[in-house]
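Colleague: I'm new to this one and would like a close look at a single part of it. Could you walk me through that part, piece by piece?

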Amino acid sequence: MDYLDRVDLFEGLTESQVNALVERSRMRVFAANTIVVSEGDDGNSLFVVQHGSLKVFLTDNVGREVTLSFLDPGDYFGELALLDEAPRSASVIAVTRSEVLQIPRTAFLALVEAYPACMQLVVRNLVARVRSLTENVRSLALVDVFGRISRVFDSLAVERDGVTVVERRLTQQDLANMVGASREMVNRILRDLVAGGYIEMEQQRILLRKKLPRHW
């Protein structure tokens, strides 16, 4: 189980080309609360999540944290390290015990040397990912806190027995870190959503009882 067929970065590669990457890769296991990569580290590998859950985040010089995303099996991080030698732009921590497939830059460069057309495919796919990240930045800059919370719920929600739920366990601080707001502000919005019958807070998940309003 390497999930490379689900990694959009490698979309368009043949099975033999993907297998060539896997053969030069290795599996890494990280205990819960272990840092996988740190912002500023040398970058030389792409990681594909096999099992577990991880968090991508940034911190400033006074310790404040912004959560960029959570990663589940099939997700990946560190893709820029395949193309340049710049330091890591964010940190990643294992939320639970996690297994990741580490694909070194040398494996990718060997693939490109053998199949030069792969570079064009990967760069095209990388541009699409950058566009998606740009939309996330736009949200943080131009959308209010309620709108950002709504976008987080939309991105994480799944259907379970006819009910829309956010199954990932999120504390109010987790959510605040994801939307770039204070925990107090998030607390007020969640209380209002509960009072309005829009959501129901359970210990391990959030139930979305009806479509959230466009504005609050």
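Colleague: Which residue in β12 stands opposite E200, and what surrounds that spot?

Modeller: Happy to, and keep in mind that this is a predicted model. The residue you're after is L207, which sits in β12 across from E200. That pair belongs to a stretch where β11 and β12, the latter covering residues 206-208, run antiparallel and are joined by three bridges.

Now step back to the whole sheet. It's an open one made of four strands, and reading across you get β9-β10-β12-β11, with antiparallel pairing. At the edges are β9 (157-160) and β11 (199-201), each of which has a pairing partner on one side only. Ignoring direction, neighbouring strands here are turned by 30° against each other on average. In general, strands of a sheet are held in pairs by backbone hydrogen bonds.

Next, look for helix α4, residues 145-156. This helix lies across β9, β10 (163-166), β11 and β12, and runs at about 45° to β9.

Helix α4 has a helical neighbour too: α5, residues 172-179. Their axes come within 10 Å and cross at roughly 110°. Angles from 65 to 115 degrees count as roughly perpendicular, so α4 is roughly perpendicular to α5. On the α4 side, the contact is made by V145, R148, I149, V152 and F153, while α5 brings L175, M178 and V179. Sorted by class, that contact has seven nonpolar residues, one charged residue and no polar ones. The charged one is R148, since Arg counts as charged.

Note on methods: Residues are numbered from 1 along each chain as its sequence is written. This is a predicted model: local features need pLDDT of at least 70, side-chain atom pairs count only at pLDDT 80 or more; totals for chains, interfaces and linings use all residues. Side-chain values use heavy atoms; hydrogens and water are left out. Two strands pair if DSSP finds at least two bridges between them. Helices (H or I, at least four residues) and strands (E, at least two) are DSSP runs, numbered from the N terminus. Axes are lines fitted to C-alpha atoms, for helices over the stretch in contact, and angles run from 0 to 180 degrees between N-to-C directions. Contact means heavy atoms within 4.5 Å. Angles under 35 degrees count as roughly parallel, over 145 as roughly antiparallel, 65 to 115 as roughly perpendicular and the rest as oblique.
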